[in-house]
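Work through the exercises below with the sequence and the model side by side. Each task is followed by a stepwise solution.

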Amino acid sequence: MRDMAKKIPPDMAELSVYVDKKLKLQFKLACTAQEKPMSEVVGLLMKQWLEIQATSPESET
């Protein structure tokens with residue numbers, strides 16, 4: 001019997017989120033059109049958001 005467990009690279013972690021179905025479809029189509037994996041784009045968006053938070057005046061409380 002084959003091992004059906006996902007092979008997650010050692011330096012990666014799995015993330016599960018709930019989003020609107022239409023938003024997910026639009027995102028998937030946009031990523032596919034640019035030949036980019038959704039996980040790569042989500043990771044980039046997360047990094048950008050964290051950079052904004054680090055420079056935001058509200059983050060200095």
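Helices (H or I, at least four residues) and strands (E, at least two) are DSSP runs, numbered from the N terminus. This is a predicted model, in which local features need pLDDT of at least 70, side-chain atom pairs count only at pLDDT 80 or more, and totals for chains, interfaces and linings use all residues. Residues are numbered from 1 along each chain as its sequence is written, and side-chain values use heavy atoms, with hydrogens and water left out.

**Exercise 1. Place Glu35 and describe its phi.**

Step 1. The protein has two helices and zero strands. Glu35 sits in the loop between H1 and H2.
Step 2. Its phi is near 55 degrees, a positive value in a residue other than glycine.
Step 3. Most residues other than glycine have a negative phi.
Step 4. Apply the exposure classes: buried is under 20% relative accessible area, exposed over 50%, partly exposed in between (1.4 Å probe, protein chains only). Glu35 reaches 74%, so it counts as exposed.

**Exercise 2. Find the salt bridge and class its partners.**

Step 1. The rule asks for a side-chain nitrogen of Lys or Arg within 4 Å of a carboxyl oxygen of Asp or Glu. The count is one.
Step 2. The pair is Glu40 and Lys36, with the closest N and O atoms 3.8 Å apart.
Step 3. Glu40 has 43% relative accessible area and is partly exposed. Lys36, at 39%, is also partly exposed.

**Exercise 3. Which residues form the nonpolar surface patch?**

Step 1. Patch members have over 30% relative accessible area and no salt bridge; like charges are joined within 9 Å, nonpolar side chains (Val, Leu, Ile, Met, Phe, Trp, Tyr) within 5 Å.
Step 2. The members are Leu15, Val17, Val19, Leu23, Val42 and Met46, with about 530 Å² of accessible area together (Shrake-Rupley method, 1.4 Å probe, only the protein chains shown as cover for residues).
Step 3. Check Met46. It lies in helix H2 (residues 38-55) and is partly exposed at 42%.

**Exercise 4. State the buried share and the exposed area of the protein.**

Step 1. Of the 61 residues, 5% count as buried.
Step 2. The protein exposes about 6,400 Å². Carbon and sulfur atoms supply 61% of that area.
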